[in-house]
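I opened this model to look up its pockets, sheets and cysteines. My entries follow in the order I made them.

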Amino acid sequence: MKPEKKKEELPLLFPSDTASKNLPPEAEPEKLHASLLTAGLNSLSRVRMKFRGKIIDIACLNHFSRVITTISKLTKMCVLRLTPDNLFFVLSGKVANGGVSMWCELSQANFFDEYQMEGVSSEDNEICLEVTPENLSRALKTVQNAKAVKVKLTKKHCPCLTIAAELPTLSSVSRVVTHDVPVDVIPRRLWHEFKEPSMPDFDVSIYLPPLKTMKNVVDRMKNLSNFLVMEANLNGEMNLKIETDLVSVTTHFKDLGNPPWGDDASQDGGPSQSRDPEAMAQARVDIRKLQQFLMGQQVNPSKAMCNIVHERVLHLILLHEDVSLQYFIPAVA
């Protein structure tokens with residue numbers, strides 16, 4: 001009798017190019033699963049993808065959990081890109097309500113003690129999965145005191161990220177807790193939507209004040225208006241303003257400093273070099289989106305910056321030793 005194959009070793013199904021062509025161009029990742037079913041399972045080809053990682057250091061585990069929790073506060077759904085060296089959590093403005101975009105980059109070597117992956121092919125050595133960060137966050141919170149945590153891409157009733165944690169015990173019998181987090185596989189034809197966003201041609205770049213202070217200000221302003229104007233200049237000054245028919249409120253921040261790239265962002269003498277240091281660049285944004293960004297922060301960044309494209313977009317950047325998070329909020333009229 002032939003031994004049965006383990007379920008987790010079965011190859012994951014990945015849509016072929018023929019199946020992909022049956023999808024409408026505007027198909028969104030959250031609708032991908034239903035679209036693939038209507039296209040027919042017979043049009044799927046099998047491609048073996050593998051991913052497994054192991055975290056032993058409890059500090060790395062807790063830090064990884066905090067990053068996932070931060071992401072879960074920013075979006076309900078996102079795409080996880082796995083490459084040999086990095087993990088990327090991506091929210092594309094094309095597939096999200098309101099056009100908000102996010103790009104979070106983690107170096108796998110700074111979190112995982114063991115890390116192995118095989119992508120779609122040797123040429124496209126990546127795996128793109130749509131995940132619900134909240135489900136991933138909940139699973140990680142239950143295993144924060146584990147001796148070791150394994151994360152593996154498996155095939156159960158659907159593709160899953162299986163989190164298996166070895167918990168401490170007083171007896172010789174080990175305790176293992178397993179969580180299966182369902183994911184959807186993103187076809188290659190949509191990968192171009194989840195590449196790293198280019199640095200916008202900003203008018204002003206400025207360091208942010210302490211995020212907790214900024215959050216407290218935004219929380220109070222939210223009770224007065226649905227929109228907030230954020231403005232800054234090249235003298236390290238930033239203002240948060242709300243204006244309604246009944247009230248006008250402005251909070252001033254000074255001596256924040258400007259990142260070095262603001263002085264030579266344009267090699268051809270663009271706006272950053274010729275701009276009057278006192279001139280303000282501003283963007284009017286949905287205050288709830290800015291509040292959401294500030295409420296979810298658990299990364300404790302070493303640097304927090306904001307690039308403003310005048311009346312077009314806020315580009316918020318958080319940098320830590322091993323994590324970078326970019327968040328784009330479009331301006332409204």
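**Second largest pocket.** I sorted the lining of the second largest pocket by class and got 11 nonpolar, five polar and five charged residues. The model is a predicted one, and I kept that in mind for each entry. The lining is made up of 21 residues. Those nearest the centre of the pocket are G93, S101, P197, S198 and F328. I noted a volume of about 390 Å³ for this pocket. Which strand gives the most to its lining? I found that β6 does, with three residues. Both β5 (86–91) and β6 (101–107) supply at least two lining residues each.

**Largest cavity.** Next I looked for cavities of 30 Å³ or more, and the count came to one. The volume of the largest cavity is about 80 Å³. By class I counted 12 nonpolar residues in its lining, with no polar and no charged ones. Phenylalanines F51, F64, F89 and F112 are among the lining residues, as are the leucines L80, L82, L87, L136, L140 and L161. V151 and I163 also belong to the lining. I then checked which elements these come from: β4 (78–82), β5, α4 (133–141) and β10 (159–167) each give at least two residues. Strand β5 thus turns up in this lining and in that of the second largest pocket.

**Nine-stranded sheet.** I traced an open sheet of nine strands in the order β12-β8-β4-β5-β6-β20-β19-β18-β13. The pairing in this sheet is antiparallel. Which strands stand at the edges? They are β12 and β13, and each has a single partner strand, so one side of each lacks a neighbour in the sheet. I looked at one edge in detail: β8 (residues 127–131) pairs with β12 over two bridges, in the antiparallel sense. There L129 lies opposite V185 of β12. For background, I wrote down that strands of a sheet pair through backbone hydrogen bonds, either parallel or antiparallel.

**Four-stranded sheet.** I found another open sheet, with four strands in the order β16-β15-β14-β17 and antiparallel pairing. Its edges are β16 (248–253) and β17 (281–286); each has a single partner strand, so one side of each is left without a neighbour in the sheet. On average, neighbouring strands here are turned by 20° against each other, direction ignored. I picked out the pair β14 (residues 227–232) and β15 (residues 238–243), which run antiparallel and are joined by four bridges. Within that pair, M230 has L240 of β15 as its bridge partner.

**A loop residue.** I located D201 in the loop between β12 (184–185) and β13 (204–207). Is D201 buried or exposed? D201 counts as exposed, because its relative accessibility is 58% and the cut-off for exposed is over 50%. I also checked D201 against I308: they are 107 residues apart in sequence, and their C-alpha atoms are 8.8 Å apart in space.

**Cysteines.** How many disulfides are there? I got a count of zero. C160 is in no disulfide, and the nearest cysteine sulfur, that of C158, is 4.0 Å away. A disulfide needs the two sulfur atoms within 2.5 Å, so this pair does not qualify. C160 is buried, with a relative accessible area of 0%. C128 is buried too, at 1%.

Definitions and conventions: Residues are numbered from 1 along each chain as its sequence is written. This is a predicted model: local features need pLDDT of at least 70, side-chain atom pairs count only at pLDDT 80 or more; totals for chains, interfaces and linings use all residues. Side-chain values use heavy atoms; hydrogens and water are left out. Buried means under 20% relative accessible area, exposed over 50%, partly exposed in between (1.4 Å probe, protein chains only). On a 1 Å grid over the protein atoms alone, a cavity is a set of points where a 1.4 Å probe fits but cannot get out, and a pocket is an open set with protein on both sides within 12 Å along at least five of seven lines; lining residues have an atom within 4 Å of a point. Grid points are joined across faces, edges and corners, and a volume is the space filled by probe spheres set on the points. Ala, Val, Leu, Ile, Met, Phe, Trp, Tyr, Cys and Pro count as nonpolar, Asp, Glu, Lys and Arg as charged, and the others, Gly among them, as polar. Two strands pair if DSSP finds at least two bridges between them. Axes are lines fitted to C-alpha atoms, for helices over the stretch in contact, and angles run from 0 to 180 degrees between N-to-C directions.
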